[in-house]
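Open the model in your viewer and keep the sequence panel beside it. The stops below are given in the order in which to select them.

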Amino acid sequence: MDIPPDKRFALLSRVVEISNSNILIENRLKYICDFLSRETGADRVCIHRRDHRGDDLLPWVSSCVQIDECKLFDFRIRSGEGVAGKAAQKRAPVYYPDVRSNPPFLPVSQELREFTTILSVPVMDDVYLYGVMNVSSVEPAEYSEETIQLLRGIATEVAGAIRNSRLYHDARKRVSELITLNEIGRAITSTFQVRDILAYVAKTTLRLLQADGCTVRLVGENRSTLKVMIDDGYSRPGLRRELRAHGKLLANQIFREKRPLLINGPEDSPMFVPLSRHGITSFLGLPIVSKGKSLGVISYYSGSSSSAFDMEVVNLMQTVCSQLANMIENSTMYLEAQHLAQANQVKVQQLSTLYDLARALMSTVKTERLLHIMLRSLTSATGLNFSRAILFLLSDEGPMLTGRMGMGPRDRKDAKRAGEGAAGKREGREAGAEDEELSGLLWPDIARVTVPLEGSGCLIARAVLEKRPVRTQSGCGNDAPPIQELFCGNHPKTFAAVPLVFKGEARGAIYVDNQFREREITDEDIRVLTMFASEACLAMENAMLYESLESALDNLRATQGRLVQSEKLAALGEMAAKIAHEIKNPLTVIGGFASRLARKGTGEEIDAQTSAKYNRIILKEVKRLERIIQQTLYFSREVVPALRGMDLDDEIREILSMFREELEEGRIVTDLDLSAGNPVISADPDQIRQVLWNLVSNSIQAMDSGGKLTLATRPATPEEGDGVVFLIGDTGGGIPHDVVHNIFNPFFTTKAKGTGLGLPIVHTIVEKHGGTIHLDNREGKGVTFSIFLPRVSKVAGAGERILDHMRKGGTDGGGVKNHP
Amino acid sequence: MKVLIASSEIVPFAKTGGLADVTGALSRALRRAGVEADCVLPLYRAVDRNRFPLAQAGPSVRVPLGHREEVGTVEETDAGGGVCAFLVRNDRYFDREFLYGTKDGEYADNCERYTFFCRAIMEWLGRTGRKYDVLHCNDWQTALLPAYGKTLYSHEDAIRETGTVFTIHNLGYQGLFWNHDLPLTGLGWDLFNPQGLEFFGKLNLMKAGLVFADILSTVSPTYSREIQTPEYGHGLDGVLHERREDLYGIINGIDDDWNPATDPLIAARFSREDLSGKKSCRADLLAEFGWTGTVEEPVIGMVGRLTAQKGLDLLVEVGEWLAGQRLRVVILGSGERTYEEAMADLGRKYPDRISVRVAYDNRIAHKVEAGSDIYLMPSRYEPCGLNQIYSLKYGTVPIVRHTGGLADTVIDADEDPSGGTGFKFRGYNSAELKDAVSRAMAAFADRSRWERIVNRGMEKDFSWGPSAREYVALYEKALRKRGRQA
C-alpha cells in the first residue's frame, strides 16, 4: 500500500497536473480518485464533500463508480462520526488499520462496507474544510507516515482545485445574476404596464433562482389588503392552491414588517413545517417598499435542496424589489396623469362640441330654424350623436306636452339611409342635398303626439314636472300604449329626457334615444345633454324675445307714421296762423288807406299829396305781403339756383340802400368794408340778395335800440377755398346760447313778428351754392355771420336733403322734436 | 442554392468521431450535386496549417458573451472538392490540445466556447453580408444558430431569409449546462422553460436547435422514429414528437476512402468481382492481432468507442460465451476505462480466441473491416453507424442490433433469405445476441450461402450521392418554410 519514494514525485506531479486542468471539477476529482486507487492499490478512493449547510459529509466522487452514479450513495456522515467524520472534526488524517476489530467510535456502515483499512484525509486549505478523502481497502493495508503526508499534500491540492472551481462557479453565477439584474432593470424602465413587468420579473427571477413557484402580491386600492397579481411556476398540479393560505400569511407578515423573510429550516420560522408538508424546503419573501411604504410582496418557493435560497439571493432580489417599487410608483403617477389628461380631453371635446352647438343655436333668431338646428345638433354625428330627438313643449291648451318637432330614423330603412347620409356628408356633398336628407328625417306628424302632464306616468312629463333629467334602460313602464302608437310604446327601452327650463319654469323637454344603434346613454351624455338643453333654452328665449321685439317695433312704426301725419298738419296750421298773422297787419294797413282813398267824393276829400302818401304806404305793405308769400312759397317748390356771374359788393351796396330808411330810424351806423380784390362769383343773384336781405333784416331787428351794422367782404383764404367771404355783424346782444343751435331750423323764431324761416332759407341757399356759414356769437354783444361762397358754385347735396325732409313733412325725429 | 454547413468538427480539419466524416463528406457531395456548399468550424490547434493555408475572411468580429465581448476572426481555406472552409478563430477557446476536453472530462467552459462559435458565425454573416440560403447545423455545438436566426439576428438581412436545418447525429450528447450559463448566450430567460432551452433546470443547447430550426433531421429513418419514444429520446422525445412533422431521417453516405478496390491501408485490394484479395487481408489482420497459422473459424471484428452505447456492457456479458465458441474475435477501440479494462482482461484470459487492441488507429480499423469475416455491432442505440456500412462494402457480414441506422442498412439473411446482407437481433440482451452470432456462424459454415450474403452486401450503394440529394430536398423544405421558393 505504501508508495515508494521514487514514485512519489511523479504521482504528486500528475495530481497537480490533473487538478489544474480545465475540465469540470467532478471529472478532475474522479480522475484523481481513479489514479490514486491505481497507484496506491486501494480498493476505493472516495472524496466526500462538506454539505454547504453544515458539517455533514456527503459522498461526491469515487473511484469505483461513475460520477453520476455517486448520487445514488445517499448517506451522510456527521462530524465526529465514522472515520471521515472524525478526520473532519480533527482536521487531520485519521487512520484505522483494521476497522473490523477496532471500529471507530460511531461507525457508519456505508463507509465501512467490506473494508478493513480506512485512511481519511481532510480536504482543506489553511482556512476551510471542503471535505474528506477516504482511501479504503478490503485487505489490511499499512500506510507509512510519508505516504500519509503525501496523501495530505494531494488532499490540499484537491482543496485548492475545489476552491478555484467554486470561485469560478461563483464568478459565473454572479455574472449571470448581474446580467439578469441588468436585463430586469432595463425591462422595468421600458414600460409603465405594472402587470407586464411583474409577470416578466416573476418569470425571469423564477428561472434565475431555480425556484418552483413565485407569487407577486400588490396592495389593493384600499392600501391594506394584498391582492395576488402574478403566479408563476407551480408546475406540480395543486401546489399553488396548497400554498395559497400559507403564502398569504407569510406575505402579510412581510408586508407588515417590511423586511425580507428567508426560511430554510424550522429555526427560521414556524411556517417551515407546514410548508415542508407540501414539499417546500426553502422560502423567500421580499417586501416591495417605496419611501417607507409597502406596495407589495414577492414570494419564492423552492422544493429542491440544490436551489435553496440564501443571503446572496436576498441581496440580489432586494435590488430587483427596489427597482420594482420605483417602477410601480412611477406607473401609478403616470396612470394618474394620463387619467387626468384623458378626462381633460373629454371635457375639452364636450365643451368644444357644446360651443359649436351654441354657436349654431345663436346663428339664428327664427324659432323654426332654431328648433331645426337644435334637433340636428342632437342627432348629428359631430354633435351629441343620438339616434333620434324629439322636442316637446307645453301646450297652450292645457297641462299637456305636445310634440313640436322630431328628427331621426323612424325605422331601420331610415336608419340605414341616415347612416349613408352621414357617410356621404363626410365626402363633401352639397349642403342642399344634406338638408333634403334631413327634412326626410323630420317627423311631419309629430304635433299629433301629446302627453298629459299629470297622471300619464310618462317619463317625459316627469322630467318636466320634476325639472330634472330622466333616463331609463327599461322603458317608461307604460306597457299598453294607450294614446299614440306614433310615439308612445314605439320607442326603445333605453332613452332619456331633459327638461327645458326657462327662467325657472319648465316649458318643455327634449327626448333622445339611440334607436337602431348599439350605444348606451351614459351619465356623461346626460350631463352634456343638460348643458345643451340650457343653451337651447337661452337660444329659444332669444328667438322669442326677438320675435316680440320685432312686432313691437312694427307697432311703433305705425304709431309713428300716424303721429307724423298729425304733426305735419299741426305744423301747417301753425304756419297758416303765422302767415295769417303776418298778412293781417299789412292787409289792415292796406285796407285802411284804401278805404280812405275810396272816400273820395263823400266829402272827406284827401289831397293829392296825402293820396300819394297813402298809395306809397299801400305799395310798401303790398311789397311786404309779396315777400311773406314768396318766403312761404319757398317751401312748397324746388328752387334751383340760376347761376350767373355776379359782383357780391354791388349786391351789398344795393341792399344797404334798400334798408337806409330803417337804419336811420333805428339809429344804426353802418360800417362797410368791401375788399377791392374780390373775384366775380358764379351764383344766383336773386337768392344771394335774399340771403343778404334776411341777414341784414335780422341784424336790424336785433338792434332795436341802435347799434352798429358791419358789412365786409374779402377773398377767401386758400384753406377756406376759392371764393369770397362776406361778413354781416351786429351789436344786438347775440343769441342766447340755449337757442343758438336752433337758429337754422325752420319756424324757429324769437321774434313776435318772425316766420322763423329767414335763417333756414339763408342756410339752404348757401349750402346750395356749395358755401358755408360760420357763426360768431357773443352773448351780450352781438352776432357775426361769415359766409363763404365759392367762386364756382358746386351743386350741393346736404341742403337738398334738409329741404327734402321739410317738404315731405319730416319723417325723422328732428321735425317733431324741434317743433316748439 | 448556397448552403453553409456548420459543425464542431469536419474532415479534413478536425475529427473525434463520425460527425466530422459526415459533415466533411456531405459538403463535397453537395458540391458534386451542384449545391454551393461551404462549411464552418472552429479553428482548433489540430488544424494542419501547412496543409491548409489560412487567409482572414472579412473583418474581425466582436462577439457579445454575457457581460463582455470576445473578439474573433474568421479564416478561410480550401477544403478541397470546391468546398470553402471557414474557421472561426479565437485562440483562448480553440487553441487547445483537444476539441471538447481531455479523456478525463469535458472542458469546463464548453458552453462559452460553442456559444462564442455560434454567435461569431452570426456576427460574421451579418458583418460581411454573406447570404446563404440554408444554414445546416449539426449537434448541440451549433444548435444555437437556429435560435439566434429566429431571435437576436432575425433582422439581419443576411440571415432573415436563411432556412435552417438541424441534424442530430447523436441525441446522447445534448450540451447540458448550468442554468447560469444562459445569460452567456444572450437569449432571454423567457426562453428558459420546458418549451424552450430548459431541461430539468439545466440549459440544454440541443433544444435550441430542436425548437428553432425550420427542419430537423437525424441520420437514419429508424432513429428519427426511435428518438420520439422515451426509450431512445434521452428525455427529448416529447419535443421531438411535437416536431415530428419536420423531422426526417437520412442515412449517411460513406467516404471514398472506404473502398476495398482502392484502399491503400489494407494488405490487398479486392472487389465484389474478385474477392481473392480479402484472403490476404484476413491473414494480415490475424497477424496484426498476434495470430499465425491457418484459422478456419470465422473472425469477428469490432472497431469503435468502447462505451455502453456501442453495446460493450452486452459484450462484457457474453465475453465468456464468445470465448467458448469456435471463432476469433478482434477488438480495436478505446473509450470508457472500465470497458477498456474488461476487454483487455478478456484478451488476456483467452488469448487464443480474443485479441484486443485498446487504441484508436485508422490503419488497423481498415484492416479489421477488410480482414474480418463478420463484423459485430451490438449497439444499444445507433443513430446511423458507419462501420456496418464499411463492413458491407468490404464483404464483411455484419451482426447488428436492430436499431437506428443499423436497422435501415442491414437486412437479416434469415428473415429475407434472398435479400439478406447480415444478421440482426432485436432485444438488447445476451440471449438474442448469442442467437444472432450462432445464426451467423451457421451461415458461415454454408460457403455458397455466405458468399451470396457477402455479394449482396457489397452490391449496395452507400455513396454520398443519394444522401446528398435527400439533403437537398430537406434544404428545399426549409426554404419553403421560410416562404421562399427553392
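Two residues are in contact when their C-beta atoms, placed from the backbone, lie within 7 Å. With that cut-off, select Leu26(B): leaving out residues up to four places away in sequence, Leu26(B) touches Ile5(B), Trp464(B), Ala468(B) and Tyr471(B). Keep in mind throughout that this is a predicted model.

**Chain B as a whole**

Now colour chain B by secondary structure; 18 helices and 21 strands should appear. Of the 486 residues in chain B, 55% are buried. Take the contacts in chain B between residues at least 6 apart in sequence: 69% of them join residues at least 24 apart.

**The helix that holds Leu26(B)**

Select residues 18-32 of chain B, which form helix α1. Is this helix mostly covered or mostly uncovered? It is mostly covered, as 14 of the 15 residues of α1(B) are buried. Next, pick the C-alpha atoms at the two ends of α1(B) and read the distance: they are 21 Å apart. That agrees with expectation, because 15 residues at 1.5 Å a residue should span 21 Å, the expected span being 1.5 Å times one less than the number of residues. Step just past α1(B) to Gly34(B), where phi is positive, at about 90 degrees.

**The cores**

Which residues have the most contacts inside the largest nonpolar core? They are Val3(B), Leu26(B), Ile121(B), Leu145(B), Ile399(B) and Tyr475(B), in a core of 201 residues. Select residues 110-128 of chain B next: this is helix α3, which gives the most to this core, with 10 residues. A second core, separate from it, has 44 residues; among them are Ile373(A), Ala389(A), Leu459(A) and Ala543(A). In soluble globular proteins, nonpolar side chains tend to be buried together.

**Where the chains meet**

Show both chains. Here 18 residues of chain B are in contact with 21 residues of chain A. On the chain B side, the elements giving two or more residues are β7 (101-102) and β8 (105-106). Colour this side of chain B by class to find 5 nonpolar, 9 polar and 4 charged residues.

**Three strands in chain A**

Finally, select residues 707-715 of chain A, strand β20. Strand β18 (residues 668-673) of chain A runs parallel to β20(A), joined by 6 bridges; in this pairing, Asp671(A) stands opposite Thr710(A). Strand β21 (residues 723-729) of chain A also pairs with β20(A), in the antiparallel sense and over 6 bridges. To see one of these bridges, select Thr713(A) and its partner in β21(A), Phe726(A).

Terms used: Residues are numbered from 1 along each chain as its sequence is written. Chains are lettered from A and ligands numbered from 1 in the order in which they are written. This is a predicted model: local features need pLDDT of at least 70, side-chain atom pairs count only at pLDDT 80 or more; totals for chains, interfaces and linings use all residues. Helices (H or I, at least four residues) and strands (E, at least two) are DSSP runs, numbered from the N terminus. A residue is buried if 20 or more other C-beta atoms lie within 10 Å of its own, exposed if 12 or fewer, and partly exposed in between; C-beta atoms are placed from the backbone. A nonpolar core is a set of buried Ala, Val, Leu, Ile, Met, Phe, Trp, Tyr and Cys residues joined through C-beta atoms within 7 Å. Ala, Val, Leu, Ile, Met, Phe, Trp, Tyr, Cys and Pro count as nonpolar, Asp, Glu, Lys and Arg as charged, and the others, Gly among them, as polar. Two strands pair if DSSP finds at least two bridges between them.
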